[in-house]
Amino acid sequence: MKKIVALLLSLSMIAGIAACNTPAGTETSSEASDSTKETTADDTEETGETTIDRTQPGYRETWELFDGAFALDYTFEDPEKFPWSLYTESGGKGILACEDGHLVLKIENPGTVTHACQVYHDGFSMYQNAEYQVDFDIWSDVERDFEWRIQLNGGDYHAYYLEDKAHMGTEPTHIQAVFTMYEPSDPAPRFAFNLGNQVGSAHNVYIDNLSMQVLNSSNAVDIEPLPPANPIAVNQTGYRPDDPKSCFIDCIDDSTFDIVDVETDKVVYTGDLSEPINCRGALANIKQGDFSDFKEPGTYVVRTATSGDSYKFTIAKDVYNDALKASILMLYTQRCGCEVTDEKIGEDYKDFTHPACHTGEALIYGTDTKIDVSGGWHDAGDYGRYVAPGAKAVADLLMTYTDTGYKSDKLGIPESGNGTPDILDEARYELDWMFKMQDPATGGVYHKVTCANFPATVMPEEETDQLLVLPISTTATGDFAAAMAMAARVYKPFDKKFADKCLEAAKKAYAYMEANAEADKTGFINPDDVATGEYPDASNKDEFFWAAIELFVTTGDNAYLEKAKSLYTVSMELGLGWIEMGLYGIHSYLLSDKNSADSEFTEELKARILDEVKIDLVSAKRDGYYNKMASFPWGSNLTISNNGILYYLGYLLTNDKEYRDLTYYQVDYIMGMNITGYSFLTGFGEHAAENPHHRPSQNKGHAVPGMVVGGPNGKPEDPYAISVLMGLPGARCYVDNDTCYSINEVAIYWNSPFVYILAAKVQNK
Ligand code: G3I
Ligand code: 9MR
Ligand code: ZN
């Protein structure tokens with residue numbers, strides 16, 4: 001059954017790992033995909049450089065489009081290599097294999113919707129106006145109907161080509177289709193067989209000799225290359241007059257830069273550029289320009305002889321007010337279980353209001369018991385609610401209040417004007433939900449509440465599948481205990497009764513940790529039939545440490561401090577979540593009035609923080625953009641803001657303004673002073689992210705303002721990003737595309753640390 005050698009080496013092996021589906025559910029990639037895991041692109045820790053093994057089948061040589069070329073060509077000869085995957089949902093169940101020279105789907109349960117059993121392949125390209133011919137053989141043990149389609153791989157998953165009433169018999173049926181791709185060229189579409197909702201009993205479906213050939217490419221439109229990034233990076237929102245101000249230029253040909261007033265086009269300032277800086281994350285030589293001494297309010301661009309103009313920025317006293325407000329209101333719009341209105345927050349939000357969502361009782365997984373766990377924030381672009389990232393977001397808001405003193409009570413949330421700072425009111429919305437996630441019997445805290453699968457691209461009230469409460473985890477319980485103990489301190493002056501309730505809940509969760517933490521060696525793992533965010537974390541030591549130290553700071557009881565000391569190790573990462581939470585504990589302890597309880601421990605922790613901040617300052621200056629990161633994980637903007645919080649702690653401990661300024665520069669990075677040329681805060685900046693992976697924004701065709709996107713990811717995990725970014729150095733691996741959940745999603749806990757650093761800048765302590 002072998003056919004002509006494929007001219008296109010597909011990206012499919014890599015895409016198989018990306019595990020994507022329509023609209024969402026459980027995926028079983030073929031063994032072949034798994035076996036390529038070690039050989040696909042890799043982000044080298046030290047340099048941020050991406051290396052690709054060009055001998056691997058996943059690598060796509062520049063493919064020349066010509067008449068007769070094969071975009072797909074599978075004969076399923078090798079049982080180890082079949083880059084096709086199975087997606088199941090809505091009761092669908094089966095096994096995908098390559099046997100006897102063909103692909104076979106062994107359906108155990110066809111499920112209740114057509115795509116309940118979807119056999120799919122990602123990792124090829126399609127070109128606008130090209131004419132294609134698709135051929136394949138398909139048959140089954142039974143006579144049955146099926147659907148096959150080539151589709152956009154995200155958003156509304158609409159089809160480029162669709163046959164929804166195809167039929168197969170028990171002998172190979174040859175299917176042929178000729179069609180023209182009229183839609184914009186797509187570097188990462190999906191070929192899918194929807195084999196669910198049929199016959200009602202177990203049976204096999206066989207597929208063979210599948211090809212897609214280009215018949216006519218004469219009018220084909222090439223895939224649009226990524227737009228080149230503006231080489232001059234500035235904070236596109238701007239600066240307050242007395243802020244430190246830097247621009248970075250991805251070009252070493254210039255030696256000076258001008259600041260030009262956009263109204264008059266007059267040069268108002270000229271400065272020297274630095275010597276070349278080697279930016280490890282971007283593998284680039286760049287230069288820095290400092291214009292901190294230029295303080296004149298106005299709107300400007302940076303201009304150089306060979307790089308042209310930067311995006312606009314403003315110098316003004318109140319330049320961050322709207323951005324800070326919006327980045328907090330983002331959390332309000334993520335509220336679940338209540339009506340979200342634009343009554344007080346205004347016009348910009350009119351598309352993002354929604355009636356109360358996810359109000360039905362949730363089934364405790366594996367039982368017949370249903371409980372009320374309504375409330376809290378939707379985690380991200382999906383509508384799951386997860387305790388660990390929720391606790392992180394709460395802690396960030398509480399610390400924003402305690403560390404920066406930011407206390408606006410007029411942001412326009414329902415509680416505005418009640419005498420309590422809005423960030424505390426907003427955090428309390430999440431805390432009120434967290435109480436419901438605690439098992440009253442044991443004090444343990446459920447890991448998350450979600451449906452079994454991620455929803456399609458719908459508004460929150462349209463996700464109506466059964467909600468599931470997933471088992472108690474020690475990471476969720478530790479984080480819960482810590483955040484509640486912190487809340488008990490912070491809310492005490494505003495609402496003593498609430499503070500007491502928090503403390504009681506914290507103690508109960510802590511007792512659960514004492515009884516169960518040590519025995520837990522794996523952390524939470526998704527059951528096979530649940531595919532939503534896992535937040536896996538096998539080590540609960542840092543969460544337990546954080547809980548113990550918060551309880552010590554809140555109660556003064558030395559037993560907690562002793563426990564914290566026994567859990568502390570120098571190998572504990574100075575993390576701010578969601579995996580590593582240790583720094584929260586160190587932060588609370590060092591800034592508390594109880595830090596003289598054990599001066600040796602205090603000195604040890606303090607020295608560790610200051611060493612780290614000192615080292616980071618050196619790297620941040622050496623690498624450019626004041627960013628010390630050499631590799632860029634999923635949600636790298638979280639790391640940027642978390643680093644900013646660490647630097648601010650260094651400042652609060654020493655009063656050294658260089659550390660404070662380093663925090664300010666992390667704000668600049670998020671708002672545009674980075675090598676991609678993007679402001680990562682939606683709605684802020686001339687060239688800001690506009691197409692986040694965020695279901696409400698995708699639905700309405702424009703983004704909720706004030707959301708921080710995940711940002712550059714040197715190991716992209718979604719098909720589109722893999723297709724267009726693979727091979728780029730980590731710092732440049734960014735694309736503003738709404739299907740790219742591993743690059744361009746948003747999350748409550750990516751906004752919350754940004755709220756902290758932006759508030760720190762606004763408060764200017
Ligand atoms: O553990 C390695 C680490 O050792 C290495 O240094 C680093 C460098 O790339 O990779 C680390 O693992 C990554 C991990 O995040 C921690 O950064 C994984 O490769 C990566 O897959 C993982 O991504 C997480 C993603 O879920 C998938 O699990 C993101 O951090 C996390 O923010 C994201 O969270 C999702 C929820 O599941 C669902 N809701 C939306 C939310 C945001 O995208
Ligand atoms: O939309 C989901 C996003 O919120 C998650 O962070 C991400 C990672 O788990 O997954 C997204 O859902 C995708 C799923 O994993 C694979 N199929 C496509 C889904 C995106 O629409
Ligand atoms: Zn909801």
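Which residue follows H4, and is its phi positive or negative? We will come to that residue after a look at the whole chain.

**Before you start**

This is a predicted model, in which local features need pLDDT of at least 70 and side-chain atom pairs count only at pLDDT 80 or more, while totals for chains, interfaces and linings use all residues. Residues are numbered from 1 along each chain as its sequence is written, chains are lettered from A and ligands numbered from 1 in the order in which they are written, and side-chain values use heavy atoms, with hydrogens and water left out.

**The whole chain**

Show the chain as a cartoon, and you will be looking at 17 helices and 29 strands, where helices (H or I, at least four residues) and strands (E, at least two) are DSSP runs numbered from the N terminus. Along its principal axes, the C-alpha trace spans about 80 × 70 × 50 Å. Of the 765 residues, 61% are buried; buried means under 20% relative accessible area, exposed over 50%, and partly exposed in between, with a 1.4 Å probe and protein chains only.

**Helix H4 and the residue after it**

Select residues 387-404, which form helix H4. Because 16 of its 18 residues are buried, H4 is largely enclosed by the rest of the structure. Now step on to Gly405, the residue that follows H4, and you will find a positive phi near 75 degrees.

**Helix H13**

Next, select residues 657-670, the 14 residues of helix H13. This helix is mostly covered, with 12 of its 14 residues buried, including Tyr659, Arg660 and Tyr669. To see what covers those buried residues, add strand E17 (246-249), helix H11 (599-623) and helix H17 (748-763), which are among the covering elements; contact here means heavy atoms within 4.5 Å.

**Three loops**

Go first to the loop between strand E18 (256-261) and strand E19 (267-272), where Asp265 is found. Phi of Asp265 is near 60 degrees, which is a positive value in a residue other than glycine, and Asp265 is partly exposed, with a relative accessible area of 48%.

Then move to the loop between helix H7 (496-516) and helix H8 (541-555), which holds Tyr535. Here too phi is positive in a residue other than glycine, near 45 degrees, but Tyr535 is buried, with a relative accessible area of 10%.

Finish in the loop between helix H9 (558-567) and helix H10 (582-590), where you can select Trp578 and look at the peptide bond from Gly577 to Trp578, which is cis, with omega near 5 degrees.

How values were computed
Expected span 1.5 Å × (residues − 1).
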